[in-house]
Structure formats: C-alpha cells, structure tokens
Amino acid sequence: MASLDRVKVLVLGDSGVGKSSLVHLLCQNQVLGNPSWTVGCSVDVRVHDYKEGTPEEKTYYIELWDVGGSVGSASSVKSTRAVFYNSVNGIILVHDLTNKKSSQNLYRWSMEALNRDLVLTRVLVTNGDYDREQFADNQMPLLVIGTKLDQIHETKRHEVLTRTAFLAEDFNAEEINLDCTNPRYLAAGSSNAVKISRFFDKVIEKRYFLRDSNQIPGFPDRKRFGGTLKSLHYD
Amino acid sequence: MSFLIDSSIVITSQILFFGFGWLFFMRQLFKDYEVRQYAVQVIFSVTFAFSCTMFELIIFEILGVLNSSSRYFHWKMNLCVILLILIFMVPFYIGYFVVSNIRLLHKQRLPISCLLWLTFMYFFWKLGDPFPILSPKHGILSIEQLISRVGVIGVTLMALLSGFGAVNCPYTYMSYFLRNVTDTDILALERRLLQTMDVIISKKKRMAMARRTMFQRGEVHNKPSGFWGILKSVTTSAPGSENLTLIQQEVDALEELSRQLFLETADLYATKERIEYSKTFKGKYFNFLGYFFSIYCVWKIFMATINIVFDRVGKTDPVTRGIEITVNYLGIQFDVKFWSQHISFILVGIIIVTSIRGLLITLTKFFYAISSSKSSNVIVLLLAQIMGMYFVSSVLLIRMSMPLEYRTIITEVLGELQFNFYHRWFDVIFLVSALSSILFLYLAHKQAPEKHMAP
C-alpha cells in the first residue's frame, strides 16, 4: 500500500483562514468538527487517481502539508518552517474572503516558499518584495482557494469575486471559492472538484512525467528515466 | 477669557493624542487584520487620548502652565470621562463582541451583553470590600468609590508587569544566560522532526487507503461521538474501523511529538540568533546594561522587602531628598525652588514616557501572540481597558515622586484616597511577581538543556 508514488503539496496561508478545515475536507471528505491552532505542521494524505477514467489511470498519494503560522513571524520561526519547504511539488494558497489582508499576504507567503527553489535557477530578488515577473516564469503549480464564502453577503459577492479573480491571475493559477464547513462545494462532479482534480494531475505530471521546459518532446521512455532522475535532483 | 484659551490648548492636544492612538492602532496593532468595526478603533484611540491628557495635566501642573482653576476643571472633566469609558463603555462592548462571536446567541445580543455588564459591575463593586481604601464617609456613587477600585486593579497590573519586567530584562540582555547552540544541534533536531513527519505520513497513508477500500466496499467508518456512540462502539465494531481508531491514536501521539520538536527547533534558532547578536557592538552594549539592570532589580526587591517588613512608606519624594542631600551634605547652594521644579519635571517626564512606551510595546507583543481574526476585536478592547486602568493608577503612584506643592492637585481631584495603601499594595505585588518570575525563569532555564540533550 505504501508502495504507491507520492507528491508533496504545501498548503499556505495566514492563521485562521481555514487551512486545517480545508485539508481535512480534501482528505477525509468530512467537515472538521473542532478546528484549533496548528502549531508547526500537520500533514494529511489524499489518495488520488491520476487521469481518472482513462486507460493510463494510476493511483498516487498526495501529501498535503499544512504549515501553520503567520507571515510576520519571528525569523527563528521562519527558519524552522523552511525545513518543510524542501522538495515541494505544488502549492495551494489559502486566503479568507472576508479578510483582505490575508489575500495580500499570499504574495509574501509564496515568496517565502518559492525562494527556496528559485535560488537554484536564478538570481534572488534582493529586496524580497513581490515581483510579478518571477511568477510568470514560475514552474511550480499553484492553486488559490478562498474560504468562508458563506460569510460574504450576496450584495458584496460580485465585488469580492472580481478581486479574487485578479489575485489568481497574478499567480497564474486557478482559483476556487468555497466554504470549508459545507462538503457540497467539493462534491464529486462539481466544477470545484474538477478544478482540484486537474490541479493534482498537473502536480503529478510536473513531478513524474516532465523534466523542465527545455525537454525534448516525444521521447517515449522519458517517463521512466524522468522519474528516477527527478528523485536524484530534488532529494 | 483665559479659560477659553486654556481649554482650546487642552482640546487641541487631546485631538493630537487621539490621532496618535489611531495611527498606532492601524499601523502596529492591526497590521495583519482588517478593521471592520470602527467603534473598536475609536474607543481605543479615545481611551489613549484621555489617558495621555491626564499625564499632560500633571506636566502642566509642575511647569505652572495654564490657569490653576482651568487646570482643576479639566482634571475633573478628564477623570469623569475616563471613568465613564473604563466602567461603562469598554466592558459593555467587550461583552457585546464576545456574544457576537458565539453563533447560537446571535439574535439576543443586546440583552445578554447588558446582563454581562451587570455581572461585571457586581464583581467590580465587591472588589472594594476587602481593601481599606476609603474613609467611610463618602456616598455610594462618588468619584472616589470608582477611582479607588480602578486604582486597585491598575496598581496590581502595574506591579505584576513591573516585577516581571525587572527580572526578565537582565535575563534577556545578559549573554551569560545564553545556552550554547551549534549548527549540528539544530540539524539533528530538524532531522528528527522530518523523520517524525515521515512516520506520521506513512501511517496516514495506511489510513487513507483503508478508508478508500472500506468506502469501495460500502462500509462506513463512524467515529464514536456522544454517549450512545461510545456504547455502541464498545459492543459492536467492524474490524476495519477498529484498526483505524488504533492508528489514529498513534498518529495523535506522533503529532504531539512533532509539535514539541517544532517548538524546540524554533527555540534553538532564536537562541542562535541571540548568540550572534551578542557578538555585535549593540549586543555588547546591551550585555553591559544587563549587569546594571540586574543590580537595580536586586536593589528594588530589597527595598520592597524593607518597606513591607518595617511598615514604612516614604514621606519625601526623590527630588526633594536629592536636593536635601546635595545642599546639606555637599554644601552646594542653589536656587532650590527653581531647580526642584525643573528636575521633577524631567523625572516625571521620563517616568511617564517610559511607562507609556513600555506599556504600548508590551501590549503589541501580547496582541500578536494571542489574537486571531475572530477574537481581535475583543482582545483590543481588553487591551484598551488595561491601558486605561494602568494609566489611571500611574497617576496615583506618580504622586509619590513629586514634591509636596505639586501633589495637592492630585489629592484635591482624586479625593481622600488612602494613597499609602496603594504604595504598600504595589510593593507586595511587586515582590510576589519578581520572586515568582525568578523561580519561573530558573525552572525554564534548567529544563531546556536537559530536554535538548535527550536522545
């Protein structure tokens, strides 16, 4: 059972936005009854069928690493958190639709997590501020999820959703807006479930089936070699 | 005419303080949150503004600025407004926001918050009974009654913070107490943390797979909830779900371990940073200050003990005593009145500024540590309450540091409180707080290296 392949996805966001509830909903299809502070990192596993319904269907483990804390923490906490950012294959950015600051902080969260890998490929942006061009070239699959949709009043919904659409565009990512206490948002077959499935498929593809952008296309055995070479490179 | 000019000066300064409080709230406290209830911000800034005005009036008293009668009028008015805020408005709003957070009671917010406020008033009143703070000839709803109780709470807070600060300050500044941390220690701990995470992940993988096979086979895993659920799970149990609960318990224990390891690693990183900081020039300067502060702390504890044991309350303030000493023993002659005014102005000014700054910094740290997006409003209001009471009792205690001629205004305005009681109470709580902080820090310091060396 543990011999299935795995991918690692980080779940980042400010404290109190609902990451733990979201992860619980994604992995156990149940609403989290008693959410409490996440200290350090909590992990959960989702069994995902890659390319479901096609002959190439394969099952993978998706590890969702829910890292707790705030973006303004002391640098000692940030250094400790950095140990969880190793060999990450995808990032889910979570923000609270009722709290604009949490959406703005997503830029800082993504900088914190991505800077680990960007050191390998390019010169670091020294002032640490958000740089749009970095995200245009970014290879890591991102997904933006907005929570607490039920607490937004009907009249304000349009304005909030426009804002989040811009946010997702900045990250070059898909976006989902839902309420973590209601499982029907992620019911099988709904558009949200399809987006999540597509995101996980993209993560698995990047990890196991593609090497990087200047890969020779059409090489038939690339899958096998790509997998082993990849594991040498990251781990 | 002069009264109007004086009032306009005071009111302008109040508006300035209000603006400062507003900015502080927006830039420092609520940096990471969105302000949705402006009432909270207004209340916080108003409390800050009126507290600072009280200090300003003391300074005016010493410097002799403004007309004496207009000063007295503003004192009275300021005091009434502050008491109104601290006893009526802030507790009511705290109750209101606490109730708003609870979903069930959302409909009957107003009556329940009124009920909470009445309970608060009852306990607040009862607080005055065990203390000999008033002469019994005052009526029931006079300023003296309210101020005396606010004073007790505020003085307790001041003494607690002061005692802890006096001990913690040298402990943090001095590098003597820093444990030796090497990079290998940190790496070893990080490796343990990641290994624990791997074990947790492999167990969760088994659970996820088991749940999937159960789901495909049509069984459902029900977590035992409630009384009847637990009874049912004892008598009948599907084999699959039994396995799951066992693994879940192991996972819970491992997750607790991972949390501990995370906190320890963060602690080690923080210590390493402090070691690096102590090697810089600034660090060495603070280290030296730390020795100086530890001597000061020991002296203060000693003085507090003497005061309590010998039942002695100082009659003269430091300024007059200093002048007496220089005039009588050192034989230096100078214009006593002129210098006493200026020196007491400087001394009182320093005390006020450091206590405001210290309090704001402590409140900010406290706020960052415990607030979340749900409870931020309640916590800010609690902080406003603490701040108001702290400043009111600072005024009570500052009376001791001023020469006799300037004390009269405070005595006049605040009425016949037993000021000596407050000083005694401050000494007692300071002593208790300082000694228990020493004990607490000693235990924490001893425990840390043992935990860290365990395999």
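Student: How many residue pairs are in polar contact between chain B and chain A?
Tutor: Two residue pairs, both at pLDDT 80 or more. A polar contact here is a pair of N or O atoms within 3.5 Å; within protein, one must be able to donate a hydrogen and the other to accept it, and residues adjacent in sequence count only if both atoms are side-chain atoms. Keep in mind that this is a predicted model, where local features need pLDDT of at least 70, side-chain atom pairs count only at pLDDT 80 or more, and totals for chains, interfaces and linings use all residues. Residues are numbered from 1 along each chain as its sequence is written, chains are lettered from A and ligands numbered from 1 in the order in which they are written, and side-chain values use heavy atoms, with hydrogens and water left out.

Student: Which helices of chain B supply at least two residues to the side that touches chain A?
Tutor: Helix H6 (183-217) and helix H8 (239-278). H6(B) gives the most, with 11 residues. Helices are DSSP runs of H or I with at least four residues, strands are runs of E with at least two, and both are numbered from the N terminus.

Student: And how many residues does each chain bring to the contact?
Tutor: Chain B brings 33 and chain A brings 36, with contact meaning heavy atoms within 4.5 Å. About 3100 Å² is buried between them, 59% of it from carbon and sulfur atoms. That buried area is the accessible area (1.4 Å probe) that two parts lose on being put together, summed over both.

Student: How many salt bridges cross that interface?
Tutor: The rule finds two; it asks for a side-chain nitrogen of Lys or Arg within 4 Å of a carboxyl oxygen of Asp or Glu. B:Arg212 pairs with A:Asp49, with the closest N and O atoms 3.1 Å apart. A:Glu63 pairs with B:Lys205, at 3.7 Å between the closest N and O atoms. This second pair runs from strand E3 of chain A to helix H6 of chain B.

Student: What else is A:Glu63 linked to in its network of salt bridges?
Tutor: The network joins A:Arg6, A:Glu63 and B:Lys205. The side chains of A:Arg6 and A:Glu63 meet at 2.6 Å, N to O. A:Arg6 sits in strand E1 (residues 6-12) and A:Glu63 in strand E3 (residues 58-67) of chain A, so this pair ties together parts 57 residues apart in sequence.

Student: Are those three buried or exposed?
Tutor: A:Glu63 is buried at 1% relative accessible area, and B:Lys205 counts as buried at 9%. A:Arg6 is partly exposed at 32%. The cut-offs are under 20% for buried and over 50% for exposed, with partly exposed in between (1.4 Å probe, protein chains only).

Student: Back to H8 of chain B. What is B:Ser258 in contact with?
Tutor: Leaving aside neighbours within four places in sequence, B:Ser258 touches A:Cys41, B:Leu193, B:Thr196, B:Met197 and B:Ile200. B:Ser258 is buried, with a relative accessible area of 4%. Also in H8, B:Glu255 reaches B:Lys204 in H6, 51 residues apart, through a salt bridge of 3.2 Å between the closest N and O atoms.

Student: New topic: how many helices does chain B have?
Tutor: It has 14 helices and zero strands. Of the 455 residues of chain B, 43% count as buried.

Student: Why is H12(B) largely enclosed?
Tutor: Because 21 of the 23 residues of H12(B) are buried.
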